[in-house]
Amino acid sequence: MNKLILGRYFPGGSLLHRIDPRAKLLAGISFIFILFIANNWITYLVLWLFTFTMMKLSGVSIRIYLRGVRPLIWLILFTVSLQVLFTAGGEIYIDWGPITISSFGLINGLYIFSRFTMIIFVSTVVTLTTKPIDLTDAINYLLQPLKRLKLPVDEISLMLAIALRFIPIILDETQKVMDAQRARGTVFGEGSLPQQIKKIVPIFVPLFVSSLGRAEDMANAMEVRGYQSNNPRSSFRRLQWQKTDIAALFAMVLLAVILFILRTEGHHFH
Amino acid sequence: MQINLQQVTADYQAGPIRSPEILKSISTTIKSGSFTAVVGKTGSGKSSLLKLMNGLLVPVKGQVSIGEIMITSENAKQSVKEARRKVGMVFQFPESQLFAETVEKDIMFGPMNFGVPKAEAKEIALEVIERVGLDATILSKSPFALSGGQKRYVAMAGILAMRPDILVLDEPGAGLDPKGKKEVMDLLHAWHKERGLTTLLVTHDMDDVALYADEVIVMDEGRIVFQDEPERLFSEMTAIHQWGLELPQARKLQIRIEQEANVRLPRICLTLDKLADALIEAGLA
Amino acid sequence: MSMHCIKVENVTFHYNLQKQEHTIADLSFTARRGEWLAVVGHNGSGKSTLASLLVGLRMPSSGRIYINDIELKEETKWELRNQIGLVFQNPENQFIGTTVKDDVAFALENQNMPYDEMKQRVDRALAMVSMTDYADYDPSRLSGGQKQRVAIAGLLALHPDIIVLDEAMVMLDPKSRRGFMSLLDELRKQHQLTIISITHDMNEAAAADRILVLKKGKVMEIGKPGQIFQREERLDVPFIEALRRKLKKQGSTIPDKYMTEDEMVWWLCR
């Protein structure tokens with residue numbers, strides 16, 4: 001669990017840390033769409049340059065980003081090899097019936113690989129430089145229009161925020177319970193699969209019991225402090241647009257325009 | 001069973017954050033049969049010191065000896081298992097580790113992990129549940145149906161059932177009312193005496209140190225800065241302040257009386273009984 | 001406004017209607033404005049139930065509770081919650097905000113208060129408990145004593161008249177406990193706060209104006225610490241009283257009457 005990088009926040013004071021979470025979230029989402037504009041090597045090169053610049057700007061070492069890709073590497077390689085093996089066209093190097101390795105296949109594989117890794121890198125940039133609670137605020141803001149459809153947007157964000165507050169507490173607690181059971185002679189990560197599954201019970205049951213207790217306490221605390229689910233609430237947390245935020249979104253538009261200019265017209269590798 | 005630490009340095013890793021040298025080159029000997037209190041500010045390394053005793057924390061450098069067992073960073077995988085057989089650890093709020101359907105099964109969990117046959121583990125469960133002062137009928141109940149105090153005793157019984165030679169206690173009375181706390185401490189202290197155990201107790205309460213410990217270790221910033229009898233610790237007023245410690249209630253009152261009456265009582269009094277005796281002896285009361 | 005800011009009249013409560021056992025049975029007492037009332041009693045005496053009744057988390061089966069002369073009922077409880085706050089035993093479970101200042105603001109957000117007023121109140125409340133420097137901290141990273149200070153700030157922001165402490169000092173070490181008590185006492189004097197402290201620490205109870213001894217949901221005794229602790233049959237007494245009894249037993253001429261620490265030191269040094 002400790003190895004997962006995507007979704008973690010690294011405290012820092014970089015330019016990217018200071019950008020409004022809404023701008024970052026919008027930029028991150030638009031990047032995924034912009035990716036689909038690229039269709040030749042020069043456009044992919046521009047995207048890679050952009051991605052690396054963002055990674056550098058975040059002030060987090062490249063090694064951490066690479067660690068973030070690692071858990072997903074097999075999924076990526078699997079998809080890429082399907083692309084390579086089942087795309088025909090261009091110069092053919094190997095031909096075994098339905099399976100061919102062609103120049104188009106190789107190039108397409110490379111593009112797919114680029115897309116995957118760049119999506120991971122850029123979303124990691126967003127989460128590494130944004131506090132989870134700020135992301136929640138951003139999601140809340142961007143979902144506001146859905147209120148008209150009677151979706152309980154504010155309640156959902158409060159739920160998210162509370163969940164985020166409990167994650168570190170529950171991780172701490174997991175550690176404590178595991179230590180306690182280790183001290184009673186449990187050795188984790190040893191034995192056959194059924195044996196290992198059996199060892200989860202002494203961790204899971206205490207965690208479940210204590211989480212229920214916490215949930216009840218928290219519900220009481222919320223009620224005593226005047227929380228009523230359907231009442232209008234003001235918000236103490238404030239998001240403020242600044243010039244840099246507008247600049248950030250403008251940069252994304254610029255990126256899209258550049259890619260449109262550089263892409264190959266009417267020619268697709270799909 | 002004697003505990004010996006030789007220049008032990010340890011790190012602590014939680015998530016991506018690594019705290020380097022939470023213990024800095026610690027060397028000490030804890031005598032067999034002693035009841036040693038470990039005190040110090042929050043974050044001074046007390047809990048880490050406890051975790052060394054059964055390999056929940058493995059030294060990066062140096063070695064930990066538990067009797068004949070030696071734990072080093074190289075042999076940890078095997079030696080830690082042996083150490084856990086010898087060391088019983090009562091965590092803070094131990095009731096939060098209960099999980100089994102019945103009290104009996106929960107108590108048998110530890111012994112059976114260490115290879116005690118089922119029939120024998122059952123016998124042990126019966127013996128320890130009575131030893132901690134609960135009725136044998138409780139064995140067939142679910143631990144979650146018990147009161148808070150009973151749960152604590154069941155959790156402690158689960159540790160005592162492992163028949164440890166070394167007992168490691170992390171604030172076993174935390175969260176209980178004074179009467180409940182005294183009962184828990186008296187029980188553990190009696191068990192310690194009866195079985196000739198070597199016991200380590202982490203506490204914030206200096207009255208516990210005064211009442212139960214025959215030796216006290218003070219931790220400060222990952223180092224052992226003091227190790228001697230409690231009477232000696234509580235006579236070093238400036239050092240106590242510097243390490244962020246308190247005085248036992250009796251000792252604090254003694255100092256106030258000595259200052260205001262401008263007398264000196266015949267000896268350092270750490271407990272109520274000793275203070276009462278000294279006051280009468282000195283002709284003040 | 002009458003001088004009693006809390007009036008409990010013949011309150012009865014039971015969890016289980018089938019059982020005739022009352023958790024709280026025909027309980028009556030009052031508390032004056034600015035008073036510190038300690039409620040003591042063994043586990044199962046109904047102490048915590050009393051706390052939840054006072055803040056309207058539960059409603060009495062019969063009898064009445066008045067807060068500032070307004071009867072506490074389903075219809076009035078939300079309005080009264082601005083006047084009476086509760087601090088829980090486990091500080092960990094009462095935090096909702098991800099940072100200290102967000103948490104202090106929680107109750108204000110529930111009032112739908114405008115931002116500027118919230119900001120002012122949060123800053124002031126944090127200053128009152130000397131936690132201004134920790135405004136941006138994650139509450140779960142604070143020490144036990146600091147957590148309870150933040151919890152108090154969260155109540156103070158609402159400008160309440162009454163604070164109920166439900167064994168709020170159990171998790172604190174002796175030193176933080178003393179610091180927390182003197183902070184509360186100071187706040188009480190400055191702001192005419194009434195404090196109802198449910199506790200089993202007799203040294204803490206000895207510092208209260210009056211003590212209410214609960215037994216099986218009934219008031220066994222209510223009175224000044226001197227009256228309560230002087231009775232020989234009370235076994236759990238403050239340290240000073242225990243010492244006085246011990247000295248008496250050893251044949252000392254010490255007066256046969258409850259003493260405060262000052263009185264005892266004065267007598268010994270006479």
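This briefing describes two chain-chain interfaces, B with C and C with A, in a predicted model. Local features need pLDDT of at least 70 and side-chain atom pairs count only at pLDDT 80 or more, while totals for chains, interfaces and linings use all residues; side-chain values use heavy atoms, with hydrogens and water left out. Residues are numbered from 1 along each chain as its sequence is written, and chains are lettered from A and ligands numbered from 1 in the order in which they are written.

**Extent of the interfaces**

- Between chain B and chain C, 27 residues of chain B and 25 residues of chain C are in contact (heavy atoms within 4.5 Å).
- Chain B and chain C bury about 2,300 Å² between them, with 66% of it on carbon and sulfur atoms; buried area is the accessible area (1.4 Å probe) that two parts lose on being put together, summed over both.
- Between chain C and chain A, the contact takes 34 residues from chain C and 26 residues from chain A.
- The area buried between chain C and chain A is about 3,100 Å², and 56% of it lies on carbon and sulfur atoms.

**Polar and charged pairs**

- Four salt bridges are counted between chain B and chain C (a side-chain nitrogen of Lys or Arg within 4 Å of a carboxyl oxygen of Asp or Glu).
- One of them joins the side chains of C:R178 and B:E246, at 3.0 Å from N to O.
- Five residue pairs are in polar contact between chain B and chain C, both residues at pLDDT 80 or more; a polar contact is a pair of N or O atoms within 3.5 Å, where within protein one must be able to donate a hydrogen and the other to accept it, and residues adjacent in sequence count only if both atoms are side-chain atoms.
- Between chain C and chain A there are five salt bridges, including A:R225 with C:D103 at 3.3 Å, N to O.
- The interface of chain C and chain A has 16 residue pairs in polar contact, both at pLDDT 80 or more.

**Elements on the chain C side facing chain A**

- α2 (77-80), α3 (100-110) and α4 (115-128) of chain C each supply at least two residues to the side that touches chain A; helices here are DSSP runs (H or I, at least four residues), numbered from the N terminus.
- α3(C) gives the largest share of that side, 10 residues.
- By class, the side of chain C that touches chain A has 16 nonpolar, nine polar and nine charged residues; Ala, Val, Leu, Ile, Met, Phe, Trp, Tyr, Cys and Pro count as nonpolar, Asp, Glu, Lys and Arg as charged, and the others, Gly among them, as polar.
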